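Here are my notes on this one, point by point. Have the viewer open while you read, since I jump around the chain a bit.

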Amino acid sequence: MKYLFVLLFFIGSFVYSQEIDHKTTKTSFKVSGVCDMCKLRIEKGTVKIKGIKYASWDINSNNLSIIYNSKKINLDNIHKKISELGHDTEIHKANEKVYKSLPECCYYKTLTIH
């Protein structure tokens with residue numbers, strides 16, 4: 001009986017761990033930004049999104065690497081939530097009013113003068 005309990009415990013643990021790994025998704029994509037303030041805003045804002053477990057944004061490449069629970073949020077919604085922080089992604093553009101409310105050092109859009 002004792003061995004049966006131990007066996008069931010290990011089988012249950014294995015099935016549960018497989019389920020967790022199946023939900024967790026890693027991906028990366030471009031998020032526009034230029035400075036350390038952008039980095040802080042993007043990373044902190046992204047981690048606050050329900051379902052996001054990890055976020056790291058690289059200033060030089062503008063690449064955001066995330067780990068998220070695909071059962072709680074999808075990639076399109078992640079892009080949308082990040083754009084609401086004032087930063088363009090590959091899929092969603094930031095609202096101009098939100099973008100203009102960023103500190104001037106965070107303006108990543110450049111004006112072309114002819």
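**Notes on the model**

1. Let's start in a loop. Val-34 sits in the stretch that links strand S1 (24–30) to H2. This is a predicted model, so keep that in mind throughout. With a relative accessible area of 39%, Val-34 is partly exposed, as that value falls between the 20% and 50% cut-offs. Leaving aside residues up to four places away in sequence, Val-34 touches Trp-57, Ile-59, Cys-105, Cys-106, Tyr-107 and Tyr-108. One of these partners is a long way along the chain: Val-34 and Tyr-107 are 73 residues apart in sequence, yet their C-alpha atoms are 7.3 Å apart in space.

2. Now the tyrosines. How many aromatic pairs does the structure hold? There are 2 aromatic pairs. In one of them, Tyr-99 meets Tyr-107 with 5.1 Å centre to centre and 35 degrees between the planes, which is a tilted arrangement. The other geometry to look at is Tyr-99 with Tyr-108: the ring centres are 4.8 Å apart and the planes stand at 70 degrees, so this pair is edge-to-face. The cut-off behind that label is an angle over 60 degrees. Tyr-99, Tyr-107 and Tyr-108 together form one aromatic cluster.

3. Is Tyr-99 buried or exposed? Tyr-99 counts as buried because its relative accessibility is 3%, and Tyr-108 is buried too. Tyr-107, at 30% relative accessibility, counts as partly exposed. There is also a lysine to inspect here: Lys-109 lies over the face of Tyr-99, at 4.5 Å from the ring centre.

4. Zooming out to the overall layout, the protein has 4 helices and 3 strands. Reading along the sequence gives the pattern α-β-α-β-β-α-α. Of the 114 residues in the protein, 29% are buried. If you count contacts with a separation of 6 or more, 49% of them come from residues 24 or more positions apart.

5. The strands make an open sheet of 3, in the order S1-S3-S2 and with antiparallel pairing. Why is one side of S1 and of S2 left without a neighbour in the sheet? Both strands stand at the edges and each has a single partner strand, so one side of each stays unpaired there. On average, neighbouring strands are turned by 15 degrees against each other, direction ignored. As for the pairings, S1 and S3 are joined over 7 bridges, and S2 and S3 over 5 bridges.

6. Ile-66 is a handy place to see both pairings. Ala-55 stands opposite Ile-66 in S3, and Thr-27 stands opposite Ile-66 as well. Not counting residues up to four places away in sequence, the contacts of Ile-66 include Phe-29, Thr-46, Ile-52, Tyr-54, Leu-75 and Ile-78.

7. Ile-66 also turns up in the largest nonpolar core, which has 20 residues. The residues with the most contacts inside that core are Phe-29, Val-31, Leu-64, Ile-66, Ile-78 and Ile-82. Which elements each supply at least two residues of this core? They include H2, strand S2 (52–57), strand S3 (63–69) and helix H3 (75–83).

8. On packing against the sheet, H2 lies across S2 and S3 and runs at about 170 degrees to S2. Lys-44 is in this helix, which spans residues 36–47. Lys-44 counts as exposed because its relative accessibility is 53%, and the cut-off for that is over 50%. The C-alpha atoms of Lys-44 and Ser-56 are 12 residues apart along the chain and separated by 9.2 Å.

9. One backbone item to check. S2 and S3 form a hairpin with 5 residues between them, and Asn-62 lies in that loop. Most residues other than glycine have a negative phi. Asn-62 has a positive phi of about 60 degrees although it is not a glycine. At 21% relative accessibility, Asn-62 counts as partly exposed, because buried would need a value under 20%.

Definitions and conventions:
Residues are numbered from 1 along each chain as its sequence is written. This is a predicted model: local features need pLDDT of at least 70, side-chain atom pairs count only at pLDDT 80 or more; totals for chains, interfaces and linings use all residues. Side-chain values use heavy atoms; hydrogens and water are left out. Buried means under 20% relative accessible area, exposed over 50%, partly exposed in between (1.4 Å probe, protein chains only). Rings of Phe, Tyr and Trp (its six-membered ring) pair if their centres lie within 6.5 Å; planes under 30 degrees apart count as stacked, over 60 as edge-to-face and the rest as tilted. A charge sits over a ring if NZ of Lys or CZ of Arg is within 6 Å of the ring centre and within 35 degrees of the ring normal. Contact means heavy atoms within 4.5 Å. A nonpolar core is a set of buried Ala, Val, Leu, Ile, Met, Phe, Trp, Tyr and Cys residues joined through side-chain atoms within 4.5 Å. Two strands pair if DSSP finds at least two bridges between them. Axes are lines fitted to C-alpha atoms, for helices over the stretch in contact, and angles run from 0 to 180 degrees between N-to-C directions.
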